[in-house]
Amino acid sequence: MAQIRLSSISKSIDGLHTLNNVTIEAAAGESVVILGPSGCGKSTLLNILAGLIPPDEGQVIIDGQDWTNRTGRVSYMQQKDLLLPSRTILDNVSIPLVLKGTNTKKSRTLAQQHMEEFGLLGFENYYPRQLSGGMKQRAALLRTYLFASDILLLDEPFASLDAITARKMQIWLKDFAHKHSCTIIFVTHDIEEALLLANRIYVLSARPARVLKEIALDDSANSTMVKEEILSILDSETGDTYN
Amino acid sequence: MKKFINTAKKSSALFTLGLLLLLWEKGVSWYEIPAYILPAPTQILDGLLKHHQLLIYHTSTTLLEAVAGLSLAVILALIIGFLLHNLRVLYTAVYPLLVFSQTIPLIVLAVLLPLWFGWGVLPKIIIIVLVCFFPIVISFLNGLDLVDPDQINLFRSMGATKWATFKMVKLPTALPAFFSGLRISATYSIMAAVISEWVGAQRGLGYYMTLQQKSFAIDQVLGAVVVICVLSFIMVKIVDLLNFLLMPWNRNQLVR
Ligand SMILES: Nc1ncnc2c1ncn2[C@@H]1O[C@H](COP(=O)(O)OP(=O)(O)OP(=O)(O)O)[C@@H](O)[C@H]1O
Ligand SMILES: [Mg+2]
């Protein structure tokens, strides 16, 4: 059974029809990539999944429970690192623990145990502005992971990084997700990134977004052919709006 | 060498000041201007030293009023700012009045308040609070609005309470703006104290100046002015120090 199920989600924002009957599922431990053109409604979909905004129609089901318009179950990371400039890296990543009621000292100790795996060892007492872009995104990832380690929603987390750093982060994330068997919903408009990370890809249309195609990527899948397939789907659907 | 040039740049204002004082000194003696019209800088310094006990006595009152008034203004601005930011109804009902209140001439209040609250320190402190409150609350409110809505959303997605979000996200974001308002208010605080004392008091630098002016001791009046300038300067420096201590993440920017 699916751990996460977004069923028949529709949503208009300011009278703008954004999501059109979108159904997306993810099994436990699966990496699902949502691929779609800019402005199609991917972030809106994740906002609904995170419980930040209610859908007009449809439901969010996680572990068999209704989480529609309720926050606090899944962790969510956006393109911006959103680290607080006023806090050191260690205090930034321990925020989710503090918010859950753990005292500051214990939160720090717990967070400290993950610093090495996230490549942040030695930078605990630095402020965000003293870190490189890649490190800031890793800190944001760690903060996300410490909120809910089983389900991570990632909205173009590496879009602001240079190509080389982004590539490194993608490979690192793939290993990490495998090792800790996290369920990942990953939003991107980068096909290469999608192919690298996904067990399954949902291809969305331009706004109002609907699911054009669901592609499973097992080990036997030929990524060049899948890429061709995705491109042809998008070409026939949206013409020149894709980028 | 670079360091030397930097220090030279920093002290060039002091050099200008020195030059002006020298011109003043020489001009007064050249044109034989009597001390009851315009005393020379050295005469003012003489007066300062001679009457230092009396000056310390009056300065302590002024300083006490200013610090009390400014502190009250800060507390009030934080509370009112918090309320206005969180209650939009209150914001629309009160904010325009706050701006409007700034058009009331200070001097009229300085005259009227003693009629209602007597000639002690209370009306002085009220005036200082009224003067200092406004710049702080306005910049604090502006600072609170600078927060990235995505940052708020992130905290919401983590199930943070409104209070936790205010404390961890909004307050630190608003601090730099808050301090720039406080800096302005700190310069006003001493001035507001002196003006309210000038209108009517039994102690304080403003009162001292009216006394000396009536007996044509212009050197004493100007001596008090020097004290006022130094006090205002110290108040600003104290605010800068607080700024430095309370925002460790901003330090490099401050040094520049
Ligand atoms: N707060 C908002 N107010 C008004 N319109 C919005 C708001 N947020 C999003 N929209 C609109 O909704 C549509 C979907 O936005 P969304 O951010 O979900 O797209 P996206 O697929 O994430 O785009 P991108 O790839 O640029 O991140 C867009 O056309 C956008 O203009
Ligand atoms: Mg988006």
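A polar contact is a pair of N or O atoms within 3.5 Å. In this predicted model, one such contact sits at the start of a helix in chain B: a side-chain oxygen of B:Asp148 lies 2.9 Å from the backbone nitrogen of B:Asp150, and B:Asp148 thereby caps the N-terminal end of α7(B). This helix is a good place to begin, and the two chains as wholes follow from there.

Helix α7 of chain B spans residues 149-157, and its buried residues are B:Gln151, B:Leu154, B:Phe155 and B:Ser157. These four cover an arc of only 160° around the axis, so they lie on the same side of α7(B). What packs over them comes from both chains. From chain A, the cover includes β6 (75-77), α3 (95-99) and α5 (133-147). From chain B itself, it includes α8 (162-199). The N-terminal end of α7(B) thus has its cap in B:Asp148, while just after the helix B:Gly159 takes a positive phi of about 70°.

Confidence in the prediction deserves a word before the chains are described. For the complex, the predictor gives an ipTM of 0.89 and a pTM of 0.86. Chain B has a mean pLDDT of 91, with 97% of its residues reaching 70 or more. Within chain B, the highest confidence falls in helix α3 (residues 52-86), at a mean of 96. The lowest falls in helix α11 (residues 251-255), where the mean is 57. Where pLDDT is low, the predicted coordinates should not be read in detail.

Turning to chain A, the secondary structure consists of eight helices and ten strands. Its radius of gyration is 18 Å, which agrees with the value near 18 Å that a compact globule of 243 residues would have. Along the principal axes, the C-alpha atoms of chain A fill a box of roughly 55 × 35 × 35 Å. Of the 243 residues in this chain, 52% are buried. Contacts across the sequence of chain A were also examined: among those between residues at least 6 apart, 67% join residues at least 24 apart. The accessible surface of chain A comes to about 10600 Å², and carbon and sulfur atoms account for 47% of that area.

Chain B is built from eleven helices and zero strands, so to speak an unbroken run of α elements from the N terminus on. For 256 residues, a compact globule would have a radius of gyration near 18 Å, but the value for chain B is 23 Å. The box filled by the C-alpha atoms of chain B is roughly 75 × 60 × 30 Å along the principal axes. Buried residues make up 40% of the 256 residues in chain B. Of the contacts in chain B with a separation of 6 or more, 73% are between residues 24 or more positions apart. Chain B exposes about 14800 Å², with 74% of this area supplied by carbon and sulfur atoms.

Several individual residues invite a look at the backbone. In chain A, a cis peptide bond joins A:Arg207 and A:Pro208, with omega at about -5°. A:Pro208 belongs to the loop between β9 (200-204) and β10 (211-216) of chain A. Another loop of chain A, between β7 (151-155) and α6 (163-180), holds A:Glu156. The phi of A:Glu156 is near 45°, a positive value in a residue other than glycine. A:Glu156 counts as buried because its relative accessibility is 12%, which is under the 20% cut-off.

Chain B offers a further case of positive phi in a residue other than glycine: B:Phe216, with phi near 55°. B:Phe216 is placed in the loop between α9 (205-214) and α10 (218-246) of chain B. With a relative accessible area of 57%, B:Phe216 is exposed, the cut-off for that class being over 50%.

Finally, A:Ser223 lies in helix α8 of chain A, which covers residues 223-238. Its relative accessibility is 42%, so A:Ser223 counts as partly exposed. Along the chain, A:Ser223 and A:Leu196 are 27 residues apart, and their C-alpha atoms are separated by 8.7 Å.

How values were computed: Residues are numbered from 1 along each chain as its sequence is written. Chains are lettered from A and ligands numbered from 1 in the order in which they are written. This is a predicted model: local features need pLDDT of at least 70, side-chain atom pairs count only at pLDDT 80 or more; totals for chains, interfaces and linings use all residues. Side-chain values use heavy atoms; hydrogens and water are left out. Buried means under 20% relative accessible area, exposed over 50%, partly exposed in between (1.4 Å probe, protein chains only). The arc is that of the directions from the helix axis to the C-beta atoms. Contact means heavy atoms within 4.5 Å. A polar contact is a pair of N or O atoms within 3.5 Å; within protein, one must be able to donate a hydrogen and the other to accept it, and residues adjacent in sequence count only if both atoms are side-chain atoms. pLDDT is the predictor's confidence in each residue, from 0 to 100. The radius of gyration is taken over C-alpha atoms; the globule rule is 2.2 Å times the number of residues to the power 0.38. Accessible areas come from the Shrake-Rupley method with a 1.4 Å probe; for residues, only the protein chains shown count as cover.
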